[in-house]
Amino acid sequence: MLQLYAVLINDLTMYKQIIRPILFQIPAETIHNCIVWLLRGIHYIPGARSLMKAIFAYKHPSLEREVFGIKFPNPVGLAAGFDKNARIYREMAAMGFGFVEIGTVTPKPQYGNAKPRIFRLPEDEALINRMGFPNQGMKNTIKNLRNRPYKTIVGGNLGKNTLTPNESAPADYLKLFRSMYEYVDYFVINVSCPNVSKMTSLQNKDNINEIIKQLVEFRRGQNNYRPILLKISPDLTIQQIDDIITVLSEGGIDGIVATNTSTSREGLHTSPDIVNQIGNGGLSGKPLTKRSVEMVKYIHDKTEGRFPIIGVGGIMTEDDAVAMLKAGACLIQIYSGFIYNGPMFVKRICKRLKAESISCSQKS
């Protein structure tokens, strides 16, 4: 059955014209949960993960990257939000992803915002979500990460609980960082999600420094070094980006993840009535392509390539992946592109990157 499905989805036209329209008849969050349960079930079938690797993964030495001291089998990662509770990271790695970012994780479990809270915009190849960090909490995530295969690279995306006031946010991040330190390979500090009340105000220089200094202090006393990255919004002004670059230069942060979802609705082809009916939420997908690439290039050029960048946002084609890496990203992540292009998208990107022979442009 899995092999038959692979034959069907290997043809991109087949996926877009037949399979995707069927899947899109089902509410977005419902189909996502079904996929998680399906992949979770595969975990218990002997040999299923090996078969998935044979079908979906593409391996070649030229795709390997060493970034912030970690050796990645390829530069294509799964963005945070897909595997919120670290339940299917092994299966996603078997589908060809070079690394999987789990979360966003909060200290305490939380339901998130009211449903419906994720919406498709097919005309724009985009998604709008206002999930609000629904997750089962730090303790459950750690339980799922125990006995993790060492070859599966996992990043932890950290966020504060919705009910935690901004002035107490550093304590939430520190609690997560300390508790999860031995269970992930790198951390992403998420202060840019537009779906948690007043969270984006944490992106100012003083607030970032207040969060980071406690994490760095804890890290100094550990035997293993865990890189700390900062995930930023595509809606930042040039001055705000420059402030973040100043924080980078002052030390503590090892890299940037650019970008998160956007509150902008500029240039959408979807009817304004539909967009207004959906309401608030973070926009992802094709409308972010140009902005995300521009931000990655600006940060890379401004820092002269001294800091690794994970490029994410609007990578919807193999050309977009190439453009993001050429702009200065060392690694990339996909989410909406995976939804709109199917599970063979990672393999197609990796084959294209092998043909292009693009290397990380970070300066040592």
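Start by selecting helix α7, residues 169–180, in this predicted model. At 1.5 Å a residue, its 12 residues should span 16 Å, and the C-alpha atoms at its ends are 17 Å apart, which agrees.

Keep α7 selected and show its side chains. The buried residues here are A169, P170, D172, Y173, L174, L176, F177 and M180. To see what covers them, add strands β4 (99–105), β7 (154–158), β8 (186–190) and β9 (228–232), which are among the covering elements. Helices α6 (138–145) and α8 (205–220) also belong to that cover.

Next, show the strands of the barrel. How many strands close into it, and in what order? There are 8, running β3-β4-β7-β8-β9-β10-β12-β13, and their pairing is parallel. From one strand to the next, the twist averages 25°. Helix α7 packs on this sheet and touches β4, β7, β8 and β9. The direction of α7 makes about 165° with that of β8. As a general point, strands of a sheet pair through backbone hydrogen bonds, either parallel or antiparallel.

Now select β7 alone. Is this strand mostly covered or mostly open? Mostly covered: 5 of its 5 residues are buried. On one side, look for V154, G156 and L158; on the other, G155 and N157. Both faces are covered, and these residues are all buried.

Add the two partners of β7. On the β4 side, 5 bridges join the strands, which run parallel. To find one of these positions, pick G103, whose bridge partner in β7 is N157. On the β8 side, the pairing is also in the parallel sense, over 4 bridges. Here G155 stands opposite Y186 in β8. Then bring α7 back into view: β7, α7 and β8 make a right-handed β-α-β unit.

Move along the barrel to β10 (residues 255–258) and β12 (residues 309–312). These two strands run parallel and are joined by 3 bridges. Pick I256 and look across to its bridge partner in β12, I309.

Leave the barrel strands and select helix α3, residues 28–42. Its 15 residues reach 21 Å from the first C-alpha to the last, close to the 21 Å expected at 1.5 Å a residue. Buried along this helix are A28, E29, I31, H32, V36, L39, R40 and I42. Their cover includes α2 (12–23), α4 (48–56), α5 (89–94), β5 (118–121) and α6. Helix α6 is also among the elements that cover the buried residues of α7.

Zoom in on E29, which is found in α3. Why does E29 count as buried? Its relative accessibility is 15%, and the cut-off for buried is under 20%. Leaving aside residues up to four places away in sequence, E29 touches K115, R117, I118 and M131.

Finally, zoom out to the whole chain. Its secondary structure comes to 14 helices and 13 strands. The C-alpha atoms fill a box of roughly 50 × 50 × 40 Å, taken along the principal axes. For 364 residues, a compact globule would have a radius of gyration near 21 Å; the chain has 19 Å, which agrees. Buried residues make up 58% of the 364 residues. Of the contacts between residues at least 6 apart in sequence, 74% join residues at least 24 apart.

Technical notes:
Residues numbered from 1 in each chain as written. Predicted model: local features only at pLDDT ≥ 70, side-chain atom pairs only at ≥ 80, totals over all residues. Heavy atoms only, no water. Expected span 1.5 Å × (residues − 1). Buried < 20%, exposed > 50% of the residue type's maximum accessible area, 1.4 Å probe, protein only. Contact = heavy atoms within 4.5 Å. Pairing = 2+ DSSP bridges. Axes fitted to C-alpha atoms, helices over the stretch in contact; angles between N-to-C directions. Right-handed = clockwise from strand over helix to strand, strands pointing away. Rg over C-alpha atoms; globule rule 2.2 N^0.38 Å.
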